[in-house]
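Q: I am new to this structure and would be grateful for a close look at a single part of it. Please take one helix packing as the starting point and work outwards from there.

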Amino acid sequence: MISRTLNFNIYAVIQSEGKNMSTFMFPLIWALMFVALPLKAQLSKETLENAAERCIVTNDPVSLVYPFLDTEHSRWFYFSSASRPFGMVNLSPDTATDGAWNSGYRYQIDTIQGFSHVHAWQLSALSVMPVQVSKNNETNIFTDYYSQFSHEKEIASPGFHSVYLERYGVHTDLTSTKRVGFHRYRFPNGTVPTVLFNLNKQLGPCKNMAGRLQQSGDKSLSGELTMSATSRRPKPIKVYFQIDFNVEIDSLHRDKTTGNYLAFTKKESQETLMKVGISYTSLDNARTNISKELPGWDFEAAVCQSLQDWNKMLSRIKVFGNSKTHQRRFYTDLWHALQGRRIISDANGAYPDYTGTAFRIGQIPLDKFGTPTFNHYNSDAFWGAQWTIQTLWGLVYPSIMKNFSLSLLQYQKDGGLVPRGPSGGNYTNVMTGASSTPFIVGAVQREILKENLDQVYTALKKNHVMNGMMSKAGYEHNTAIGGGLEYYLEKGYVPYPLPEKVKAHHKNGASMTLEYSYQDWALAQFAKKLNLQKDYRIYKKRSENWKNVFDASVGWIRPKNRDGVWKKEYDLYQIGHGFTEANGAQNTWFVPHDLPELAKLMGGNEKASEKLNEQFKTAEKSGFTAGDSHGQEKNPKYSRIPVNYGNEPSMQTAFIFNHLGRPDLTQYWSRKVIDSVFSGLSPETGYSGDEDQGILGSLAVLMKIGLFQMNGGVESNPKYEFGSPIFDKIVITLENNKKLIIKALGSASGKKYIETVKWNGKPLQSDSEQKHIQHKEIIQGGTLEFIMKSSNPVK
């Protein structure tokens, strides 16, 4: 029996593999968590014990998630523990609060600055901190309020976080619904529970300002604040909040210097509960969100419901075999694919619309039961989504894909254009191109989005003409020339450098040409589906523009200027200079819709395969990534890597071998990448780069189950091609309640290569060496069996 006086890292009990521990039943895991706590630091005994009793599940995927993965390289929106899937509220501790990068929860920092409710793309709001106020610190508590904490007295899981604030002796438990944060504070006996509300301070990507708070009842406070505009989000955004306590409020004090507030309660108690409902539309809707989602005060029930929500989502995919570490990492990757992008609409369907000249409150249509037909979202760009969430959501979570598609189309109805990265109800124009086109076309081709297709096509087409998204470079808000679309239409490529001087990012002509070509091809497939033959021919022809930046004399994609002159002193491994977050070696392979033609220009499949194989051999020496964080990609020590699995531009490259007649090399290198990049389980490792709200997490999931879509599934009846599954058995419960079973016996014990593929017991037939299965077949459920072998490929 574990001694209650033993002092060790609690989370390690659950997350360490130990001596080949078998999977614990979920209640036992939670029981071990609180039994292992020291007597003086029993953070959440009742919470965890009672929640475990209510959550009757065994071998639970949610218990395998490791929330601290790669948190030494966090961004503001990267980590949020006390959050529901895509929740508006993403409540978690902040150990750093200055800037969008290297902020939020950073594992190596041992001081907490507060617990904030919004961690999202270009959004941050409402930081609170339970404190103790004495005569000695009453005047400076508004500026000196940080508290140290220890990871040994910390518990985190999807939907729950608990820490002990050493400075104040306060045990803090956090959970949430989709739109309401739920706090539980255990103050030392004999002290007055007090909460500091930091409504006016720099918080992640933007400054919280004009924060106001007032008492609105014996046990309630009401307030609002403004998130200042940023260089990426050009308009300020308001947040409204209702705060309810389970005890009466004695007084509310405002500090004249900082503009922040202290709330004192009347009750001297060890336990204080606080609910915080937020809304981007109105105070009334913040109150409505509480009444609809969290009417009671049962904290354990809320924790249980959150765990069940996550478990329901994560359990869509069950994996069997391989090590416990691989299973934990798999579910952590899947968690990332489901928690980065945020709801901004209220429970009643109201949403903020900042796309026009003046703010307005929009309304999502309601069904016959009065429930909103979809949610409106805040989201980073869909740049790279064609190889990641687009495939994962489209197969396993089609309702999520539909929700996001409808939300993107709602932005177009309100503001005129489908966004590529909306924030708070407005455009940010993050990255380049029209990356939402393949995402929405993918939903159409999978028959996830079936209504009003003529209108959907027209909406997408607007981004592919002048003044659409293709006309705008990154964060170009007031003009529409930085994207170089005029040159693309006239000359068939975007020049580098772009002659026009415009305030924007990512003006890299070679990359833009590649992106636009693929996105035009996706739109052409939609036009073909609607029998719009003229449009189909136009966009199909435009999709060949990538050839105009292929320099046959060197065999690589190469930037050229407005006069058609190739970039002089071309350095294939120099990041930028015509390539967006990539170099020429990486970006040359960004032709997902026309790989046979790319191979032909390189001299044939064999020569193309040899070239790419050498790139992988070189990249392996650096672990297939440009350092261990996005910020290191431009560092000369790391930037010259020919394949980078820490960022979007070359995420598909291992699967290109499938299209060059070498599926064995796809299987070989995809396994190497998994082992090197996507198998770590610690705060120091994880994604080694730019985990843009689930992009890399979902890529890892797809690689580990052995399914991939090179063109993002935007053609009619999309195809899934094969990699090398790392689990002996994978069971996917589809939304139609049918099961897709993937068997790959021996894959975890050295058999990495596919000898034969069977579908429901029969060998798959294919019109090429690269076998595949189509979407309409796979969603009917069945068994996909990979007969694996151990032989090495010829290299």
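Is the crossing of α9 and α12 left-handed or right-handed?

A: The model is a predicted one, and what follows should be read in that light. The crossing of α9 and α12 is left-handed. The axes of these two helices lie 9 Å apart and meet at an angle of about 30°. Angles under 35 degrees count as roughly parallel, so α9 is roughly parallel to α12. On the side of α9, the contact is made by Thr-437, Pro-438, Val-441, Val-444 and Gln-445. Helix α12 contributes Tyr-518, Gln-519, Ala-522, Leu-523, Gln-525, Phe-526 and Lys-529.

Within α12, one residue merits separate attention. Ser-517 belongs to this helix, and its relative accessibility is 0%, which means that Ser-517 counts as buried. A polar atom of the Ser-517 side chain lies 2.7 Å from the backbone oxygen of Thr-513. Leaving aside residues up to four places away in sequence, Ser-517 touches Tyr-488, Arg-542, Ser-543, Asn-545, Trp-546 and His-593.

Both helices of the pair also take part in covering a further helix, α10. This helix spans residues 453-461, and its buried residues are Leu-453, Val-456, Tyr-457, Ala-459 and Leu-460. Around the axis these residues cover an arc of only 160°, and they therefore lie on the same side of α10. Asp-454 and Gln-455, by contrast, are exposed on the other side of α10. The cover over the buried residues of α10 includes α9 (436-445) and α12 (509-529), together with α8 (398-415) and α13 (533-542).

Another helix pair may be set beside that of α9 and α12. Helix α6, residues 324-336, packs against helix α19, residues 695-705, at an angle of about 135°, and their axes are 7 Å apart. At that angle α6 and α19 are therefore oblique to each other. The crossing in which α6 passes α19 is left-handed. In α6, the residues in contact are Arg-329, Phe-330, Asp-333, Leu-334 and His-336. They meet Gly-697, Ser-698, Ala-700, Val-701, Lys-704 and Ile-705 in α19.

To return to the starting point, α12 packs against α9 in a left-handed crossing, holds the buried residue Ser-517, and is among the helices that cover the buried residues of α10.

Terms used. Residues numbered from 1 in each chain as written. Predicted model: local features only at pLDDT ≥ 70, side-chain atom pairs only at ≥ 80, totals over all residues. Heavy atoms only, no water. Buried < 20%, exposed > 50% of the residue type's maximum accessible area, 1.4 Å probe, protein only. Helix = DSSP H or I, 4+ residues; strand = E, 2+ residues; numbered from the N terminus. Arc of directions from axis to C-beta. Contact = heavy atoms within 4.5 Å. Polar contact = N/O pair within 3.5 Å; in protein donor to acceptor, adjacent residues only side chain to side chain. Axes fitted to C-alpha atoms, helices over the stretch in contact; angles between N-to-C directions. Parallel < 35°, antiparallel > 145°, perpendicular 65-115°, else oblique. Left-handed = near helix turned anticlockwise from the far one by under 90°.
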